Amino acid sequence: MELLCPAGNYPALKTAIDNGADAVYIGMKNDTNARHFAGLNFNDGKLVKAADYVHKHNKKLHVAINTFAHPGAQQRWQKAVDDAVAIGCDALIIADIGVLDYAANKYPHVERHVSVQASTTNLAAIEFYQQNFDVARVVLPRVLSVQQVRQLAKNSPVALEVFAFGSLCIMSEGRCYLSSYMTGESPNTVGACSPAKYVRWQETEQGLESRLNNVLIDRYKEGENAGYPTLCKGRFDVDDNVYHALEEPTSLNTLELIPELAKMGIASVKIEGRQRSPAYVEQVAKTWRAALDRYQQSPEAYQVENEWMATLANLSEGTQTTLGAYYRKWQ
Amino acid sequence: MKFSLGAAQFFWPKQQVEDFYQQAKDSSADIIYVGETVCSKRRELRDKDWLALAQDIATTGKQVVISTMTLLESPAELQVLKRLCNNGDLLVEANDLSAVQVMHELKLPFVVGAAINCYNLATLKVLLKQGMTRWVMPVELSGDWLKQLLDEAEDEGIRSQFEAEVFSWGYMPLAYSARCFTARSEDRPKDDCQYCCINYPQGRRMNSREGERVFVLNGIQTMSGYQYNLINEMADMQAMGVDVVRISPDSELALQKLDDFRAQLTSAKQYPLDGKAECNGYWHKIAGMSVQ
């Protein structure tokens, strides 16, 4: 199984490769990718450097073009494809059907992966992408149980990639407009969820409050761990019961699923976090490399080390991790 | 301009569904969408019941469309989808690309629902080739976005090949998850949900701790806390060539809304919106929950 790591900048990319990533995924410095944050991502010169570094080490570079093209601006998404191909990327990760169509026609020889943002959760949808755009791989949304992933893997005509670690998106990706409902901006349209410019922190008599575009997302008592106000991870009121109505601040961690994922033939395990620091990338890449190598060496004896779990928990939202939808009881 | 009644999003007892559609048969709707779009565990009506209901409504001369599931995760769900798609004569609304694929294989025309990510001309063209005859715009897009896209379709010479439909009134579906939030609100896992959605015929309100209606929980679906209302945008929609205006039913009230919206075509009036219960922000390219 390929270990696919995120890189939001050149130092993170180098760190990923140096610490055991088989492949790295990056995005352009504009709204064509779903981590469109200030100070992040790659432009012309950096793109070339990134590709050089990755290829010098015989690793692979994937470029995420995973937002949806705006009318009148489709050239920007097409240019992102052109630029990614020009630097010799090994795979394009695409969400928009129109952009996939462009890439498949213009660059049939460059591998196309269906982005998680395309929300492909079943065999017929996979066949749609395979038959229309000859895609090489589909990245599965974080809504399937392990059993469902296994069933798909058994029948899928193309390779599958799954999310292995990182911030947990609990909705079917690419089909969540909660962020634009509250702020006007969503991953699909601007490449960001719960954008930082709408976040406001305020000390009040009732405690520290986090708001997104003025809507109260959470309120913390003294000593409580306050996290970024991603709107699906706040505490809300359902008939006078205040709780994390959608999800708690937590990250996905699937170290214990490595044997199952490997046996079902999953092509790649993906680490989330292009917005995270090189230090995060280093720790996660190192830990996952160690786990995958351990499994490779003796599949039967594979066991998750406590130390790996502790390292990853420290890098997680709310310092806790979950198996998410892979585990049916989570659902 | 035509007016449609979207598929009912909430889980209602069979009798309530049948009563609702008996009334809908007498409503002013030109098009009625029926079917379960949210959760395959909702089986008050089985696929054959939905098809029978649809056939019954079709006797009124209204166009009836079979709406299909949005999030399909299992082979069993795909089997049901295939049966609904291959129903003989009724048009189908695809709410996932699986349905697009199935309809294309059957060489049958279909409606592309709002949950399919069709944001631009290149995507419209691909879907037209697959057999799309009507496109429902994703709810998060604005009037400007729509106008520009429809103009591009006109310039490309393909505008006459499809109808454009806009979700114009009701609680908007905003997200779909593996997790059932209604079951979670009762502290149950989805596999032991006891079909509790049926106890919330208009979903469960999820408010901020300041009492602001943020979302409505409807099983695995998260909906807008406010009702979308584009009644004051009818003239704009008409001018840009919107073919179908969709009213999404939460109750019988929706049938009255069909009349109110239609009346705007002959004697337009300005309706003040209640910012604590209604919104129109998406249309105006601002936060969806806002009013402009």
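**Group meeting: a predicted model with chains A and B**

I start with helix H1 of chain A, residues 10-18, whose buried residues are Tyr10(A), Ala12(A), Leu13(A), Thr15(A), Ala16(A) and Ile17(A). Buried means under 20% relative accessible area, exposed means over 50%, and partly exposed is in between, with a 1.4 Å probe and protein chains only. Helices (H or I, at least four residues) and strands (E, at least two) are DSSP runs, numbered from the N terminus.

Some housekeeping. This is a predicted model, in which local features need pLDDT of at least 70 and side-chain atom pairs count only at pLDDT 80 or more, while totals for chains, interfaces and linings use all residues. Residues are numbered from 1 along each chain as its sequence is written, chains are lettered from A and ligands numbered from 1 in the order in which they are written, and side-chain values use heavy atoms, with hydrogens and water left out.

Back to H1(A). The cover over its buried residues includes strand S1 (2-6), strand S2 (23-27), helix H2 (44-56), strand S3 (60-65) and helix H10 (278-297) of chain A. At the N-terminal end, Asn9(A) acts as the cap, with a side-chain oxygen 2.9 Å from the backbone nitrogen of Ala12(A). After the helix comes Gly20(A), with a positive phi near 110°.

Next, the loop between S2 and H2 of chain A, where Asn33(A) is found. Is Asn33(A) buried or exposed? Asn33(A) counts as buried, at 0% relative accessibility. Its side chain reaches the backbone oxygen of Met28(A) at 2.6 Å. The side chains of Asn33(A) and Arg274(A) are joined by a polar contact of 2.7 Å. A polar contact is a pair of N or O atoms within 3.5 Å; within protein, one must be able to donate a hydrogen and the other to accept it, and residues adjacent in sequence count only if both atoms are side-chain atoms. Leaving aside residues up to four places away in sequence, Asn33(A) touches residues including Asn41(A), Ala64(A), Asn66(A), Thr67(A) and Gly191(A). Contact here means heavy atoms within 4.5 Å.

Now salt bridges. Side chains of opposite charge can pair when their charged atoms come close. The cut-off is a side-chain nitrogen of Lys or Arg within 4 Å of a carboxyl oxygen of Asp or Glu. Over all chains, the structure holds 42 salt bridges. One of them pairs Arg35(A) with Glu272(A), the closest N and O atoms being 2.8 Å apart. Arg35(A) lies in the loop between S2 and H2 of chain A and Glu272(A) in the loop between strand S14 (268-271) and H10, so this pair ties together parts that are 237 residues apart in sequence. Glu272(A) is buried, with a relative accessible area of 2%.

Glu224(A) and Arg235(A) also meet in a salt bridge, at 3.0 Å from N to O. Both lie in the loop between strand S10 (215-220) and strand S11 (236-238) of chain A, so the parts tied together are 11 residues apart in sequence. Glu224(A) is partly exposed at 32% relative accessibility, whereas Arg235(A) is buried at 15%.

In chain B, Arg188(B) forms a salt bridge with Glu186(B), with the closest N and O atoms 2.9 Å apart. Salt bridges that share partners also join Lys2(B), Glu93(B), Arg134(B), Glu163(B), Glu165(B) and Arg246(B) into one network.

On to the interface. How many residues does the contact take from each chain? It takes 67 residues from chain B and 67 residues from chain A. Between the two chains there are 7 salt bridges. Asp191(B) forms a salt bridge with Arg328(A), the closest N and O atoms being 2.8 Å apart.

Last, the aromatic pairs: 16 over all chains. Rings of Phe, Tyr and Trp (its six-membered ring) pair if their centres lie within 6.5 Å; planes under 30 degrees apart count as stacked, over 60 as edge-to-face and the rest as tilted. The rings of Tyr181(A) and Tyr282(B) have centres 6.3 Å apart and planes at 50°, so the pair is tilted. Tyr181(A) lies in helix H7 (residues 178-183) of chain A and Tyr282(B) in the segment after strand S12 (278-279) of chain B, so the pair joins two chains. Tyr181(A) is buried at 0% relative accessibility, and Tyr282(B) is buried at 1%. Ring pairs link these two tyrosines with Phe215(B) and Tyr228(B) into a cluster.
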